[in-house]
Amino acid sequence: DASAGSDGMINYLNFGDFGGGTAPKANYNPYLPAFKLSATDYVHERLMIVEGTKCREVPWLATSYEWTDPKTLVFDVRQGVKWNDGKPFTAEDVAFSFNLLKKHSALDSVGVWDSDLTSVKATGGNKKVTFSFDKPGATAFTRITETAIVPEHIWSKVKDPTTFTNAKNPVGTGPFTVKSLNPRRLVIERNPDYWQADKVKVKEIRFNKADAGGQVEQLKLSRGEYDQQGMFIPDIKKSYVARDPEHHKYWYAPGGSISVYMNLTEKPFDDVKFRRALTTAFDDKTVIRKAQLGYVKEASQTGLVVPGQEKWLPKGIEDQGRIAYDPKAADKALTKAGYEKDSQGRRLGKDGKPISFSFKVPGEWTDWVASADIVIKNLKSLGFEVEKETPSPDAAIEDRQTGRYDMTFGVHGGSCNMYNNFSDPLNSDRTAPIGKKAMSNEVRWKDAKTDELLADLKSATSEKDQKKAVAGLTRVMTDEVPMIPIWYGAKWFQYKTTKAVGWPNAENPYASAADPLLWMTHLKPAKD
Amino acid sequence: MTLLEVENLSVTYSPRDSAAVRAVDKVDFGIEEGEFVGLLGESGCGKSTLGHAILRLLEKPAAITGGSITFDGRDITHLDEDELRPLRWADLSTVFQSSMNSLNPVITVREQFADTFAAHPEAAGDRPDVDARAGELLEMVSLGRDVLRRYPHELSGGMKQRVALALALALRPRFVLLDEPTTGLDVVVQRDILDRLRELQRKLGFAVLFISHDLGTVMEMADRVMVMYAGEIVEDQPAGDMIESQLHPYSAGLLGSYADPRDEVVQVAFVPGRPPDLSREHAGCLFEPRCPVSVDACRTEHPELLPAGRGQARCLLVEQSPDDGALLRDVAPTDRLGGVFSADSEPRARGAADTEPVMVVDGVGKTYRTKRGVRTTTTRAVDDVSFALRPGRVSALVGQSGSGKTTIARLITGVERPSSGTIRFKDTRVDTLRRRAMRRYRRHVQLVFQDPFSALNPTRTIAYALGRPLRNHLGMTGEQARQRAAELLETVGLSPAEQYLDKLPGQLSGGQRQRVVIARALAPQPEVIVADEPISMLDVSIRAEIVELLDRLVRERGIAMLYITHDLLSARLLADEVMVLNQGVMVEHGPTLEVIGQARDAYTRRLLAAIPRPGRSRESWPDEPPNEAERVPAGS
Amino acid sequence: MTYFVRRAGFFLATLWAAVTLNFLIPRLQPGDPAQAILSRLTGKSQAVDPAQLEAVRKMLGAPDGNLLAQYGDYLGALAHGQFGISYTYYPYTVTDVIGDAIPWTLVLVGVTQILSFFIGTVLGAWAAYRRNTRADSWITLGSTFVGTLPFFWLALLLIFVFAITLRWFPDGGGYGGGSQPGWNWLFFSDAFQHSVLPGLSLLITGPIGWILGMRNNMVQTLGEDYARLARAKGLSRRRIALTYGARIAILPNVTGFAIALGSILGGTVLVETIFNYPGMGRLLLEAVSNKDFPLMQTLFLFTTVGVLIANFLADVAYGFLDPRVRRTEAA
Amino acid sequence: MTTPSSTSMTAPAPTGAGDTEGVRVAAIAAGRSNRLPGWFVILWRNGKCRFGLWMLLAFVLVAVFAPVIAPYGPRVDDFGLSEGPTGAHWLGTTARGEDVFSQIVYGARTSLLVGTVAGVLSTIVATAVGLTAGYLQGTVDEVLSFFINLGLVVPVLPLMITLAAYSPVKGLGLIIAVITVTGWAFGARIKRAQIITLRTRDYVTAAKFAGDGTARIIAYEIAPNMMSLIVVGFMGSALGAIGAEAGLAFLGLGDPATTSWGTMLNQASMGGAMTTGQWAWLVAPGIVLALLITAFTLINFGVDALSNPHLRED
Ligand SMILES: Nc1ncnc2c1ncn2[C@@H]1O[C@H](COP(=O)(O)OP(=O)(O)OP(=O)(O)O)[C@@H](O)[C@H]1O
Ligand SMILES: Nc1ncnc2c1ncn2[C@@H]1O[C@H](COP(=O)(O)OP(=O)(O)OP(=O)(O)O)[C@@H](O)[C@H]1O
Ligand SMILES: [Mg+2]
Ligand SMILES: [Mg+2]
């Protein structure tokens with residue numbers, strides 16, 4: 001077998017798409033996440049990797065970190081690491097990278113400098129990097145770890161880093177270097193001088209342009225032409241796994257929550273009792289089975305992604321915060337809250353008029369439309385008059401941002417940054433009046449207690465304090481019900497074990513689909 | 001030896017939509033080598049069909065359904081296309097009825113000659129010198145050699161027909177079929193081409209079958225004339241004999257509708273009625289319903305084509321007469337026919353020449369500016385023309401094609417405004433009228449259109465066509481308008497009117513349509529009528545009918561009429577005064593007899609000279625270069 | 001002179017109108033490019049990071065603010081031949097991106113258009129020549145059935161049969177991952193292999209219009225008087241069919257053909273999309289879905305200019321081929 | 001004739017204006033023997049066209065009686081996912097568990113609706129613009145001609161995609177609007193050319209002499225004589241519209257909520273009809289679409305014969 005080298009190495013692996021549109025052009029600038037090619041993630045590394053399933057912190061270019069006080073964060077930079085052009089990697093490079101983003105805010109796509117960061121300096125004899133904040137800066141931690149580190153000796157000479165494509169032999173510390181690129185294929189090869197080269201068993205990775213997404217890609221995947229791919233494929237058990245049950249595997253880890261958003265500035269959604277009554281109204285299981293093809297998991301009302309983030313759950317919560325479908329309970333709760341049914345079975349508002357509203361869902365997203373159909377059916381059976389509207393995605397997103405909707409689906413959370421997870425959808429700073437675009441608080445939740453909890457979380461450096469704040473926030477979610485999570489968006493991840501084993505999966509969720517550097521250090525040649 | 005022998009030939013059209021039409025029925029004749037035979041007949045009687053059959057060019061749905069064609073002793077009735085090919089053009093050539101459209105528009109004249117030569121190496125030689133031979137042929141029809149390099153669209157109609165003629169003679173054929181080769185041409189040009197043709201025929205000695213319904217020309221040119229009626233040959237005589245005496249009543253009627261306008265007394269007649277429907281079987285003589293001298297037997301017995309005099313005729317009366325058609329000769333033809341219209345040297349009983357004019361045209365000129373791509377050309381269509389129209393009188397405006405006749409009609413009727421001069425209708429200046437006033441003006445001045453086929457909307461009924469002017473100009477509606485429309489139809493001789501009111505124009509014959517067009521012009525009771533060549537598109541037999549109608553209307557209603565034509569005969573019959581137009585300039589203006597009798601202007605004399613004189617030797621051409629307008633300037 | 005002024009005037013006015021339309025249509029609609037790009041990147045089921053959105057907006061110079069001012073800037077840049085930076089391929093310029101795509105489209109669509117026209121004209125002429133024979137029926141009916149197949153659907157079937165099942169041809173792309181674009185044999189043969197299936201799908205459905213058009217025109221010309229005269233002249237069937245039939249019947253198709261050639265620049269969106277062909281059509285669809293205004297505008301400009309030029313050439317060619325027009329046009 | 005595959009890729013072959021009056025006359029002649037309208041007789045007599053008319057009739061019947069014919073609703077998703085053809089589901093089921101056969105039946109409605117409505121609308125626009133420009137001449141003509149020419153040279157497909165992509169609402173209405181907006185120019189140009197020859201007809205001048213006004217002349221004298229041209233234009237537009245709808249839907253620019261053969265193809269393509277072996281889901285809509293377009297193309301043979309006597313079948 002050509003792929004299993006005699007030297008205990010894997011000759012090459014075929015991966016899926018590598019970004020950059022339909023006719024990609026070389027771009028390895030790690031600060032242009034929307035435009036870079038995927039090789040960038042194998043060339044440029046970060047101080048630490050917070051893996052996406054359990055949010056473990058894995059030391060990488062930094063060996064450890066310490067909050068010397070709530071406003072000061074110090075990383076110990078790994079020693080003996082070399083750039084792939086042979087130059088040594090130092091703390092200066094780290095400081096340079098962060099300061100580059102300060103200077104060119106357009107490159108700061110992670111938003112490190114949006115926090116209360118004031119300065120980044122190489123300290124401790126070029127072995128440490130010190131981040132200084134003017135307020136407690138704990139929330140900035142994941143943002144810092146998400147920032148790629150670039151070599152000062154190259155980038156300091158770049159005139160305009162915002163248009164720098166880093167196209168020729170990109171210099172980084174990572175396990176791979178770019179071998180060749182044409183618009184159909186990107187090839188990277190193992191960096192023999194990598195600081196943990198002994199762990200990398202893959203000699204070469206070939207990314208194949210696979211942006212068609214339709215039939216053809218699905219066929220190629222099902223035929224086993226990819227060692228790893230991350231795409232949607234209908235009926236995966238039949239069309240992929242069944243083709244080679246021994247080697248064709250998939251793992252769809254849960255991501256952000258997809259929730260029913262209610263416009264909290266409108267009646268009756270501004271009534272907490274009403275919202276709480278609806279928590280049992282939606283048949284999540286049917287949504288998942290029929291509309292989402294069973295690929296996803298039922299979401300927890302807490303706003304956390306369980307089971308990955310279960311350590312953040314407050315004690316004593318039932319079924320990790322998942323609320324079962326119970327239309328009778330919903331009916332009872334609604335009636336009790338003052339929303340009675342009339343003789344024709346119509347649910348009446350407090351003003352005595354039948355409650356009617358619209359449900360907006362982008363018409364092109366057929367699985368969402370199917371989900372909405374089920375949700376609407378649930379609502380109708382409770383006596384509401386609901387009208388489905390199917391605008392274009394652009395219009396739907398804009399309407400959601402500007403608050404021009406009654407009820408719709410929204411996405412939130414799912415990252416390892418707990419502060420972002422709750423602040424984005426709930427922080428009153430992040431909302432705007434109806435008609436103006438809200439930054440991220442699209443339900444328009446304004447609650448002093450929530451803001452207070454968020455402030456606590458932001459400054460909490462110890463895990464205990466953080467847990468306390470998060471527990472408070474999950475309680476806001478379950479008690480006040482600013483939104484009703486239905487399912488977790490899946491992270492598509494298919495892999496094949498004929499050449500390589502050691503992929504992350506449900507049994508061994510050591511990394512997420514978005515952490516390739518972690519699996520690169522775990523993959524081993526298949527035995528046979 | 002007889003070159004072409006047609007025996008018992010029948011041709012049937014069997015279209016899918018309607019019943020089969022026997023367009024040619026048992027036709028029998030022969031043509032000798034070098035003979036010039038004319039074929040006369042009303043439109044639709046089957047002349048072209050016969051011609052196509054002889055050339056074996058019939059296409060679906062037409063087919064030869066009986067009889068045979070023998071050419072030079074060889075039966076060609078059933079030869080297939082490959083066997084025919086060597087015969088074509090080298091032996092049998094033709095000029096089509098629509099010869100103006102029969103040249104390939106995308107190759108030069110030279111190439112059209114070249115491919116003819118190339119197709120017949122046995123007749124043209126292996127490597128013919130195309131330029132020399134084609135040039136020679138063109139010169140024969142008085143065209144310059146430079147025409148070879150031209151494309152058909154660069155030639156005028158007359159030039160195209162001459163090219164077609166030259167092409168027909170290219171391989172020195174023994175037989176040429178000419179199917180109305182000069183229709184649509186100016187009289188002067190037509191004359192020129194036909195003279196040349198006759199000359200060539202004498203010189204080269206080919207036989208000709210000349211199809212036309214232009215009596216004068218056929219009579220003048222042919223050695224022998226055949227007359228067709230409803231798919232049958234009804235008479236076949238030497239031309240001279242036929243002028244003298246017609247054997248068949250139809251031939252008599254046909255010749256009766258022709259006269260020479262230069263004569264002292266001009267008398268024309270017409271055959272009323274329409275030819276029979278050929279899709280049905282008819283017992284008896286086909287001409288019987290229209291025949292003024294028919295007898296009972298004609299209704300039941302179908303006559304045979306039998307020898308009579310020095311020719312043949314298909315008429316029971318001729319058969320029965322002991323001495324070759326004496327019976328017919330007894331009665332003057334005009335007496336036997338339905339309508340007669342005559343003009344003699346006496347002034348007519350019409351409005352006086354010094355009545356107050358209703359319409360005065362004074363020094364009118366019209367210049368057209370045409371933009372063609374980058375260049376602008378100006379055409380002086382009408383130049384300083386003055387005349388007056390008086391009630392109860394007809395002024396004829398004659399002149400060759402393009403001389404500006406229609407332009408004057410448009411100016412008078414307000415369709416167009418003059419570039420200079422004035423036009424007055426009573427006290428109104430016509431040349432400055434605006435929308436509303438124009439509509440009111442047109443209640444008084446109406447136009448009779450030349451082409452009855454395009455002047456009536458094919459999708460609207462006759463009642464509609466007549467109802468609109470009644471409604472707009474006289475405010476009549478509903479039953480009243482319908483009543484009036486019926487009266488108008490009766491006036492123009494379409495009766496019973498009820499039968500016509502709800503018909504579509506497509507269901508009427510050309511003559512009937514032209515009457516409707518006239519009725520429409522009469523509807524608003526106008527004081528002035530401008531008739532723009534109202535008879536040029538009609539069959540000869542209908543022409544006299546319409547002329548008579550116009551004359552009656554002018555007399556009865558005191559209408560002032562401007563009668564536009566290039567046909568001097570009808571001008572002579574109808575007009576009190578004649579105006580001759582040449583390239584926009586009025587060259588002659590005076591009482592009809594004076595202008596026709598003693599033309600002062602050279603151009604007028606040329607026009608007069610173009611009129612055929614059957615049976616008489618023609619006086620020579622006025623010495624002037626042949627028609628300068630037909631020459632295209634070199635290198636345009 | 002005025003003729004050329006008018007022509008040039010129309011050219012410019014059309015261009016302006018097209019460019020303006022293309023400027024306005026997307027901008028009057030909801031959503032912004034940064035959002036579009038990131039939504040596509042993250043997928044609909046994951047939240048877009050507001051920080052990232054902000055960064056991308058800064059980078060692209062988010063098109064907020066005064067529409068009129070933007071329009072002015074846009075026209076000004078165009079006048080200087082600056083088409084800007086693509087939003088999809090940031091920081092590459094629109095010119096870079098289009099420059100890569102044009103050759104593909106030109107070759108694939110150009111060759112198939114020309115072949116379609118050629119095949120269609122020949123078959124149509126043949127059908128007219130053998131009118132009402134079995135050959136005629138086969139050609140007209142056969143081409144009707146085959147030609148009306150929705151060709152995007154046909155393309156899918158071709159892929160399935162020839163690429164996936166039989167593996168005779170690649171399933172998409174302009175060339176394989178193994179070859180490097182350049183002037184070398186390997187690349188050309190690879191590119192050819194990749195063009196077979198898309199080319200085939202275009203060729204199967206392409207000629208029908210030309211076939212029917214040519215047949216109808218030629219049946220008509222063969223019925224004209226000059227064709228009958230040609231028969232009377234005893235010309236061979238071949239000569240009549242070619243010089244008196246086809247030669248004249250082809251004329252009306254010339255304009256259509258020139259326009260078809262002009263629209264080549266627009267590419268064939270459906271085929272290029274299905275086959276992942278790196279041409280202009282797919283670029284356009286990508287630009288539209290990414291709200292890549294500069295790219296979209298420029299593509300639109302290119303296609304419009306292409307059609308306008310083709311129109312002009314069609315006039316010229318028509319004048320050259322049809323002597324009846326030649327004189328009026330030249331005068 | 002019009003290119004049948006005007007799914008938009010190939011430029012439409014140019015159409016001759018046709019001798020519209022001749023058609024009228026021939027049609028009257030043809031109709032005289034029967035009680036049927038003449039134009040219909042000519043169409044019917046053409047073998048290809050007759051076949052096309054039968055096919056179209058079949059499609060119309062299926063569309064009209066869709067609820068009777070289809071065993072299930074088009075969106076009923078109670079069945080197994082991506083199942084192959086069985087007795088209960090003749091064409092199997094979709095990845096979402098809908099009955100493919102029922103969708104095909106209901107899809108006929110969409111295609112015919114789009115064809116008819118877009119055909120009628122663009123014919124109306126084309127006729128109104130063409131007639132006005134051709135009859136009035138002068139400045140009005142200049143302005144309208146500019147728009148006609150603009151409509152002709154602006155690349156249709158890009159414009160269509162742009163319009164369809166950026167509309168905030170989706171749906172059949174939008175598709176119809178887009179097709180109308182992009183599809184009227186060609187017809188308008190032909191009609192303008194035709195009216196320019198018709199307006200100089202003597203009967204038009206005669207109507208002026210009879211005192212009729214402009215509007216009346218256009219409506220009563222000219223328009224009836226352009227009927228066959230209008231029919232030709234309608235057939236072409238309808239044909240193009242059906243193809244365009246399917247193409248746009250296939251590109252994902254349609255409204256997934258409407259059941260059309262184009263959206264079916266799109267969903268089959270995205271929904272793994274090939275990977276799951278549910279062939280019928282992909283093949284069926286393509287074939288019915290081809291059949292419908294074929295029907296229209298066949299009818300067009302007859303329409304061509306209507307306007308060109310040379311093309312009549314003997
Ligand atoms: N294609 C056709 N189908 C049916 N009948 C036809 C057809 N062509 C001609 N006819 C009929 O055949 C008869 C003879 O037509 P033909 O053209 O030979 O007349 P013609 O004497 O040449 O007339 P004209 O002087 O007008 O040229 C006419 O009555 C006509 O109605
Ligand atoms: N609208 C126009 N634009 C330019 N030139 C014109 C126009 N109308 C007529 N002419 C020119 O004016 C001249 C006179 O034309 P007119 O139609 O009056 O001639 P006519 O005597 O009626 O000819 P015919 O006997 O052929 O009807 C011709 O040379 C013609 O080409
Ligand atoms: Mg004739
Ligand atoms: Mg005239």
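Biologist: What pattern does chain D follow when read along the sequence?

Modeller: In this predicted model, chain D reads α-α-α-α-α-α-α-α-α-α-α-α-α-α. The chain has 14 helices and zero strands.

Biologist: What makes a residue of chain D count as buried, and how many percent do?

Modeller: Buried means under 20% relative accessible area. Of the 314 residues of chain D, 63% count as buried.

Biologist: Which residues of chain D does the UniProt annotation "transmembrane region" cover?

Modeller: The unreviewed UniProt entry gives several spans, among them 143-166 and 172-190 of chain D. Residues 143-166 of chain D are 92% helix and 0% strand, with end C-alpha atoms 28 Å apart. Residues 172-190 of chain D are 95% helix and 0% strand, and their end C-alpha atoms lie 28 Å apart.

Biologist: Which residues of chain C does UniProt list under "transmembrane region"?

Modeller: Again from an unreviewed entry, the list for chain C includes residues 138-164 and 191-212. Residues 138-164 of chain C are 89% helix and 0% strand, and the ends are 31 Å apart, C-alpha to C-alpha. For residues 191-212 of chain C the helix share is 91%, the strand share 0%, and the end C-alpha atoms lie 32 Å apart.

Biologist: How do you know that the span of helix α5 of chain C agrees with its 36 residues?

Modeller: The expected span is 1.5 Å times one less than the number of residues. For the 36 residues of α5 (residues 94-129) of chain C that gives 52 Å, and the end C-alpha atoms are 50 Å apart, which agrees.

Biologist: Where in α5(C) does the kink lie?

Modeller: The kink, of about 30 degrees, is at C:Ala101, shortly before the proline C:Pro103.

Biologist: Why is C:Tyr90 called buried?

Modeller: The cut-off is under 20% relative accessible area. C:Tyr90 has 5% relative accessibility, so C:Tyr90 counts as buried. C:Tyr90 sits in the loop between α4 (67-79) and α5 of chain C. From C:Tyr90 to C:Ser137 the C-alpha distance is 55 Å, with their positions 47 residues apart in sequence.

Biologist: What makes B:Ser48 and B:Gln97 count as donors to the magnesium ion (ligand 3)?

Modeller: A donor is an N, O or S atom within 2.8 Å of this metal. The OG of B:Ser48 and the OE1 of B:Gln97 coordinate the magnesium ion (ligand 3) at 1.8 to 2.3 Å, so both pass the cut-off. B:Ser48 lies in helix α1 (residues 47-55) of chain B and B:Gln97 in the loop between β6 (92-95) and α3 (109-119) of chain B, so the pair ties together parts that are 49 residues apart in sequence.

Biologist: Why is B:Gln97 called partly exposed?

Modeller: Partly exposed lies between buried, under 20%, and exposed, over 50%. B:Gln97 has a relative accessible area of 34%, so B:Gln97 is partly exposed.

Biologist: Why are β4 and β6 of chain A said to stand at the edges?

Modeller: Their open sheet has four strands in the order β4-β5-β7-β6 (chain A), with antiparallel pairing. β4 (62-69) and β6 (117-123) of chain A each have a single partner strand, so one side of each is left without a neighbour in the sheet. The twist averages 20 degrees from one strand to the next.

Biologist: How do you know that β6(A) and β7(A) pair?

Modeller: Pairing needs at least two bridges. Six bridges join β6(A) to β7 (residues 128-133) of chain A, so the two strands pair, and they run antiparallel. A:Lys121 stands opposite A:Thr130 in β7(A).

Biologist: In what sense do β14 and β15 of chain A pair?

Modeller: β14 (residues 356-360) of chain A and β15(A) pair in the parallel sense over five bridges. A:Phe359 has A:Lys388 in β15(A) as its bridge partner. Both strands belong to an open sheet of five strands with mixed pairing, in the order β15-β14-β16-β13-β17 (chain A).

Biologist: What makes phi of A:Val481 worth a remark?

Modeller: Most residues other than glycine have a negative phi. Phi of A:Val481 is near 50 degrees, a positive value in a residue other than glycine. A:Val481 is in the loop between α14 (463-480) and β17 of chain A. With a relative accessible area of 0%, A:Val481 is buried.

Terms used
Residues numbered from 1 in each chain as written. Chains lettered and ligands numbered in written order. Predicted model: local features only at pLDDT ≥ 70, side-chain atom pairs only at ≥ 80, totals over all residues. Heavy atoms only, no water. UniProt positions renumbered as here; feature names shortened; annotations may be inferred. Donors = N, O, S within 2.8 Å, 3.2 Å for Na, K, Ca; no water. Buried < 20%, exposed > 50% of the residue type's maximum accessible area, 1.4 Å probe, protein only. Bend = angle between axes of the 7 residues up to and from the residue. Axes fitted to C-alpha atoms, helices over the stretch in contact; angles between N-to-C directions.
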